[in-house]
Amino acid sequence: MQTFSGVGVAPGRVLGPVRQMPKPVQEPPARLDGAVNIPADVTVESQGQRIKDAAKAVQAELRARAATASGEGKEVLEATALMAADPMLVKSAIRLLSPEAPGGARTAERAVWEAAATVADSLKALGGYMAERVADVLDVRARIVSELRGLPAPGIPASDVPFILAAEDLAPADTATLDPAKVIALITSSGGPQSHTAILARALGLPAIVAAPGVDEIGDGTEVYLDGAAGTITVDPGEELRLAAKAWANQASTIAAFSGSNVMADGFRVPLLANVGTGADAVKAADAGAEGVGLLRTEFCFLDRDDEPTVEEQIAAYGAVFAAFPGKKVVVRTLDAGADKPLPFLTNADEPNPALGVRGYRTDLTSPGVLERQLAAIAAAEAANQAEVWVMAPMISTAEEAAHFAALCSAAGLKTPGVMVEVPSAALTAASVLREVSFASLGTNDLTQYAMAADRQLGPLATLNDPWQPAVLQLVKLTADGAAAASAGGSARPVGVCGEAAADPALAVVLVGLGVATLSMSARALAAVSAVLATVTVAQAQQLATAALAAPSASAARKAVRAQLPILDELGL
Ligand SMILES: C=C(OP(=O)(O)O)C(=O)O
Ligand SMILES: [Mg+2]
């Protein structure tokens, strides 16, 4: 039995066939020249026919998928299918094959590439609804070029049977097309525990393993067993593992749904909130019992566009989230563009070191006005809804930045300003940072990458990029202690956690023991985290936190804490 190992980022034991995520389509070389001789049997006519056939094949494939889809997905597939055989696109591609075309003859692939780029540019220039179709044109282009090359279509593979999706890594945009009814687990050769694959897996409740070298080479259709807690993948599993997967499926359904009010064994309340990116996520989170939203990733509302959303568009997007939580807390994070979440209208793609670049709150330096307009939109959406809105800035490094952000919030009429603590300098100076604002939320994903100087997206660094690292836990403690000092004699400055650490039930116990007041996670994790917190008192959580802080390594900390929480094994977590 061949095995692969990586970093388990979402628990679960499942068995199924692997499907590989096709590699992104590469741009075809610019044009035919002396180096690429056209074989004698290749004529403009034969190339033109190839383009027509490829466009038709893509259309047929999309139509077939639309026939089995429903709702919004069906509409999108139908619209894309129409675009695939659009005579305008096919005709202008064929025109570019001719030696008389401006710039000379092109290969069929290149002609499609350029023709679609021209269509995309004109749609963009039209703006509004038309501009929103640009992504569809580029999707169709990638599909036709893949068809011409005889390669699998880009994007998450279509399949009639449930499968385990294997990839090098997944991008935030892949979220939209991933059907959790078909994809039963995720395995990637790259990415770390805080990568978007990991975040996506937890959001969808899918078992997942990242940073497992070689899994992007497993053949399509190969049956594998994976254990998301252990981080192992076994090819051609035997009967024993088949039974283990079955047992897990039975056990997983025994965790009680979250009641909507998280209480520890001694009656202490630690509100469990949800991380969301859109109004649809917020509705799901409210249904799952979330006590509010601890992180609204506003950039997730605008990932598919390259211009700044208007204030009206923003009001609608935030309002949809607020409407799902009347009377409850919703913490909005202002745009966190840059590094792993590039937004073309805010970030410079040529930065040599994007994680240390102009990202998050720092984009206010290079694109003044965007933050003020966003705060105005948040305030307007708040006025139109009943949610209790808190606002925080990502990537705050100093007390001065915190004070500036608080002043901007106050000018916009937003009463509860806060900061994300995800840069070690903010944790180290938490008392002065928190004197400037009303609350803090620990972004343990970035705090870990910056504390350990390990890019959160890099597979080989996944062991460093682990929020159980005692250095990260020290920074969490410093933040909680600093907030307590800033609050002394005045109003309380609560510290929450909204990084992925909060979704790990064992680590959630440690975080509470370190003084964290609220935990925010993907809605899928609420039930498991609540079930585990219900078995410990605050005093026990503090003892476990002390043990974790004293451990010599992340794995020793995890092991020491897990050994004291028998409920984890009982629930298969
Ligand atoms: C919650 C966080 O933000 P993001 O993952 O969106 O960077 C974090 O850094 O922990
Ligand atoms: Mg972050």
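Biologist: What makes Glu422 and Asp446 donors of the magnesium ion, ligand 2?

Modeller: Happy to walk you through it, bearing in mind that this is a predicted model. A donor is an N, O or S atom within 2.8 Å of the metal. Glu422 (OE) and Asp446 (OD) lie 2.0 to 2.2 Å from the magnesium ion, so both meet that cut-off. The two are 24 residues apart in the chain: glutamate 422 sits in the loop between S13 and helix H14 (424-428), and aspartate 446 belongs to helix H16 (residues 444-451). Both glutamate 422 and aspartate 446 are buried.

Biologist: How do you know that an N or O atom in the side chain of aspartate 446 makes a polar contact with ligand 1?

Modeller: The limit for such a pair of N or O atoms is 3.5 Å. In aspartate 446, a side-chain N or O atom is 3.0 Å from an oxygen atom of ligand 1, so the pair qualifies. Two backbones pass in the same way: a polar backbone atom of threonine 444 is 3.1 Å from a ligand 1 oxygen, and a backbone N or O atom of asparagine 445 is 2.7 Å from one. As for cover, ligand 1 on its own has 290 Å² of accessible area, and the protein covers 100% of it.

Biologist: Which element gives the largest share of the shell around ligand 1?

Modeller: That is H16, with three residues. Strand S10 (292-297) also supplies at least two. In total, 15 residues surround ligand 1, and the closest are Arg297, Lys341, Gly443, Asn445 and Arg456.

Biologist: Why is strand S13 described as largely enclosed by the rest of the structure?

Modeller: Because five of the five residues of S13 (residues 417-421) are buried. Both sides of the strand take part: Pro417, Val419 and Val421 point one way, Gly418 and Met420 the other way, and all are buried. That pattern has a simple background: in a regular strand the side chains alternate between the two faces of the sheet.

Biologist: What makes S12 and S13 a pair of strands?

Modeller: Pairing takes at least two bridges. S12 (residues 388-393) and S13 are joined by three, in parallel, so they count as paired. One of the partnerships is methionine 392 with glycine 418 of S13. Strand S14 (residues 439-442) also pairs with S13 in the parallel sense, over four bridges, and there valine 421 has leucine 442 as its bridge partner. Together with helix H13 (residues 399-412), S12 and S13 make a right-handed β-α-β unit.

Biologist: Why is arginine 333 called buried?

Modeller: Its relative accessibility is 2%, and buried means under 20%, so arginine 333 falls within that class. The residue lies in strand S11 (residues 329-333), and its side chain makes a polar contact with the side chain of glutamate 299 at 2.5 Å.

Biologist: Aspartate 236 and methionine 395 each have a positive phi. How do you know whether each one is buried or exposed?

Modeller: Exposed means over 50% relative accessible area. Aspartate 236 has 54%, so it is exposed. Methionine 395, at 1%, is under the 20% limit and therefore buried. Neither is a glycine: phi is about 45 degrees for aspartate 236 and about 60 degrees for methionine 395. Aspartate 236 is in the loop between strand S8 (232-235) and helix H8 (239-252), while methionine 395 is in the loop between S12 and H13.

Notes
Residues are numbered from 1 along each chain as its sequence is written. Chains are lettered from A and ligands numbered from 1 in the order in which they are written. This is a predicted model: local features need pLDDT of at least 70, side-chain atom pairs count only at pLDDT 80 or more; totals for chains, interfaces and linings use all residues. Side-chain values use heavy atoms; hydrogens and water are left out. Buried means under 20% relative accessible area, exposed over 50%, partly exposed in between (1.4 Å probe, protein chains only). A crossover is right-handed if, with the strands pointing away from the viewer, the path from the first strand over the helix to the second runs clockwise. Donors are N, O and S atoms within 2.8 Å of the metal (3.2 Å for Na, K and Ca); water is not among the atoms, so sites may look incomplete. A residue is near a molecule or strand if one of its heavy atoms lies within 4 Å of it. A polar contact is a pair of N or O atoms within 3.5 Å; within protein, one must be able to donate a hydrogen and the other to accept it, and residues adjacent in sequence count only if both atoms are side-chain atoms. Accessible areas come from the Shrake-Rupley method with a 1.4 Å probe; for residues, only the protein chains shown count as cover.
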